[in-house]
Each structure stands twice: as C-alpha cells, then as structure tokens.
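Visitor: I should like to study this protein with you, one question at a time. May we begin once it is on display?

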Amino acid sequence: MKKTMKLFLVFTFLVTLGLSGNLSAEVKEALPSSGKPFFFIQLSDPQFGFMDGNRSITGEIEAMNKAVKIINRLKPAFIVVTGDLVNDSKDESQIKAYQQIIARVDPSIPVYTVPGNHDIGTLDSSSIEAYRKHFGNTCFSFRYKDCAFIGLHSNVIKNEDKAREEAQYKWLEKELKKAKRKKFKFVFTHHSIFLKDINEKTNYSNLSPEMRTKYISLLKKYNVNAVFAGHLHDNAYGKTGDLEMVTIGAVGRPLGKGYQGMNVVKVYPEHYSFEYMALDEFPEEITF
C-alpha cells in the first residue's frame with residue numbers, strides 16, 4: 001500500500017493532564033525544525049491472544065519480537081501503536097507479555113499508544129483506569145520538527161459515549177488550534193473514521209455518519225493531512241478533500257487479505273510518503 005502524503009512531527013517537554021470523563025493525555029512541545037527528512041513507524045493490533053482464541057500467545061510473541069528487532073535496527077524518530085495491544089483486557093499474561101516486549105524498544109525511540117476496543121473492554125471508569133495503569137494515557141499530542149501529532153481514544157467516539165466523547169473533542173480542537181501553524185498535522189486512532197469512502201455504510205471498523213461528519217469537519221477546518229488507524233487487521237485507504245484516511249494491517253493476526261507488517265512514514269520538508277511493509281520484507285535501512 002503506497003501513497004504520497006504530507007507529514008511532520010515534534011518532541012520535548014512532557015506534561016500529563018487529566019481530561020473530564022476519565023480521559024488523559026500526554027502533551028509535548030515543539031523543538032526547532034532541522035529541515036532534514038525523517039521517518040516514523042506505525043504498528044497496530046499485536047493483540048496478544050487473538051491468534052489462538054486466548055489459549056496461547058506464542059504467535060503474537062514471535063511477531064512482536066520480530067517487529068521490535070526491526071524498530072531497534074532502523075531507529076525511527078518514534079513509533080505509534082494504534083491499539084489492540086491484547087485480546088482480553090483482563091488477561092494478565094497477555095498484558096505482561098506485551099509490556100515486556102514493548103519495553104525492549106530502544107529507550108532513545110519514544111513510543112506513543114492509543115487504546116483499541118480489546119484493550120478497554122467495557123467502556124467504564126474502571127476499565128479506562130485499568131488501561132492507564134497498564135499502558136499509559138489514552139490520548140497524546142506532540143510536536144516533532146514542523147509537524148503535529150495527536151492520538152485519540154476512538155472507543156469513546158465509536159461508542160458515542162457522550163461525556164467522554166465531548167471532553168475529548170474539545171481537547172482535540174484545543175490541540176489543533178495550538179498546532180495550526182504547523183506545516184503538517186496527523187491524527188492517530190484505533191478505529192478508522194471511514195475505510196474507503198466517506199459515504200460508506202457504518203460497519204464494525206468505521207464511525208457512524210454523525211461522528212464521521214463531526215470529526216471530518218473539525219479535521220478539515222484545521223487542515224489535518226492524514227488520519228492513521230488500525231482495527232481492520234487489513235489495509236484500506238480513502239480520501240476526502242485533502243484529508244487522507246490510512247488504515248493498516250496487524251502485527252498480530254491478519255484478516256481478509258491482510259498480512260503481518262508495519263507502516264513506514266517518511267517525512268520530507270514539503271511532502272511525505274507511507275508504505276505498509278510485511279515484517280519479513282523490511283529493508284536493512286530506510287533510505288530517502
């Protein structure tokens with residue numbers, strides 16, 4: 001899956017803040033831009049336990065170990081994990097296995113994560129707090145060079161959980177306002193806003209027409225360039241206006257025509273590109 005996109009990013013000072021409705025976010029302020037190209041890696045749905053119906057996590061351990069070795073060899077500016085870290089949010093063995101492997105990412109490579117539906121389970125205060133305890137904040141916002149990156153808790157949008165969704169929406173708009181002068185702006189979610197067509201029917205993997213319209217309008221207002229998502233365990237691509245919707249396959253169990261892989265996003269001063277690569281086909285180094 002190859003497309004040309006317009007992207008950029010940021011890094012530095014960490015602040016943790018609470019959002020009403022048991023949301024939380026980490027925010028980082030911008031560093032000066034060097035003007036040099038860079039790349040980051042998006043991975044999604046390692047979903048420990050899914051391959052063998054929660055009976056074994058051997059396959060996921062093998063795949064995630066392979067992914068981390070690739071990451072440490074290539075040394076991206078950072079990585080973003082777009083949810084479904086585990087298959088059962090209450091299974092301590094799945095949680096521990098994921099934590100142990102993601103901890104092997106080189107400490108010089110920041111890791112940002114948003115929750116998937118399997119990471120949260122029932123959407124209530126206790127399940128969200130359990131996620132925060134095991135995996136960290138449910139949202140993030142950071143700048144890297146001349147780009148802004150924002151991660152959302154898409155479960156509250158998909159389930160139209162009114163209080164939490166509205167709190168996050170206000171936070172998102174605030175972050176987009178702060179980033180309005182950035183050359184490129186990118187959003188990360190677990191669920192896709194839409195898969196291929198903004199007018200497609202609602203299904204398990206996209207948002208309702210109401211939520212779709214609400215968020216697309218906001219993202220277009222602030223000239224967001226792309227949304228990166230997972231959840232589908234397969235690749236999909238759509239576009240509305242200048243906004244690209246990029247859905248990638250799983251590090252864990254693929255579905256449909258999907259295959260195990262990760263998304264490499266290269267960012268140049270005036271454009272960006274992305275390519276979903278199979279785990280077994282990654283190059284020795286990333287060239288520009």
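Visitor: How many of the five residues of β12 are buried?
Guide: This is a predicted model, and burial here means a relative accessible area under 20%. The strand β12 is largely enclosed by the rest of the structure, because the residues that meet this condition number five of the five.

Visitor: Which residues of β12 point one way, and which the other way?
Guide: In a regular strand the side chains alternate between the two faces of the sheet. In β12, all the residues on both sides are buried. One way point L243, M245 and T247; the other way point E244 and V246.

Visitor: Do the strands joined to β12 run parallel or antiparallel, and which residues stand opposite it?
Guide: Four bridges join β10 to β12, and these two run parallel. Five bridges join β11 to β12, and that pair is antiparallel. On the β10 side, V246 in β12 has F228 opposite; on the β11 side, the bridge partner of M245 is G238.

Visitor: Which residue in the turn between β11 and β12 has a positive phi?
Guide: The strands β11 and β12 form a hairpin, with two residues between them. In that turn, a positive phi of about 60° belongs to G241.

Visitor: What span does helix α7 reach from its first C-alpha to its last?
Guide: Helix α7 covers residues 209-221, which is 13 residues. At 1.5 Å a residue, 18 Å is expected, and the model comes close to this. The helix reaches 18 Å.

Visitor: How wide an arc do the buried residues of α7 cover?
Guide: The buried residues are M211, R212, Y215, I216, L218 and L219. They lie on the same side of α7, because around the axis they cover an arc of only 165°.

Visitor: Which exposed residues does the opposite face of α7 carry?
Guide: The buried side of α7 is covered by elements including α5, α6, β9, β10, β11 and β12. The face turned away from that side carries exposed residues, and these are E210, T213 and K221.

Visitor: Which residue with a positive phi follows α7?
Guide: Its phi is near 60°. The residue that follows α7 is N223.

Visitor: Is Q47 buried or exposed?
Guide: Q47 lies in the loop between β4 and α1. Leaving aside neighbours within four places in sequence, Q47 is in contact with E60, D84, L85, V86, N87, H118 and H233. Its relative accessible area is 2%, and the limit for burial is under 20%, so Q47 is buried.

Notes. Residues numbered from 1 in each chain as written. Predicted model: local features only at pLDDT ≥ 70, side-chain atom pairs only at ≥ 80, totals over all residues. Heavy atoms only, no water. Buried < 20%, exposed > 50% of the residue type's maximum accessible area, 1.4 Å probe, protein only. Contact = heavy atoms within 4.5 Å. Expected span 1.5 Å × (residues − 1). Arc of directions from axis to C-beta. Pairing = 2+ DSSP bridges.
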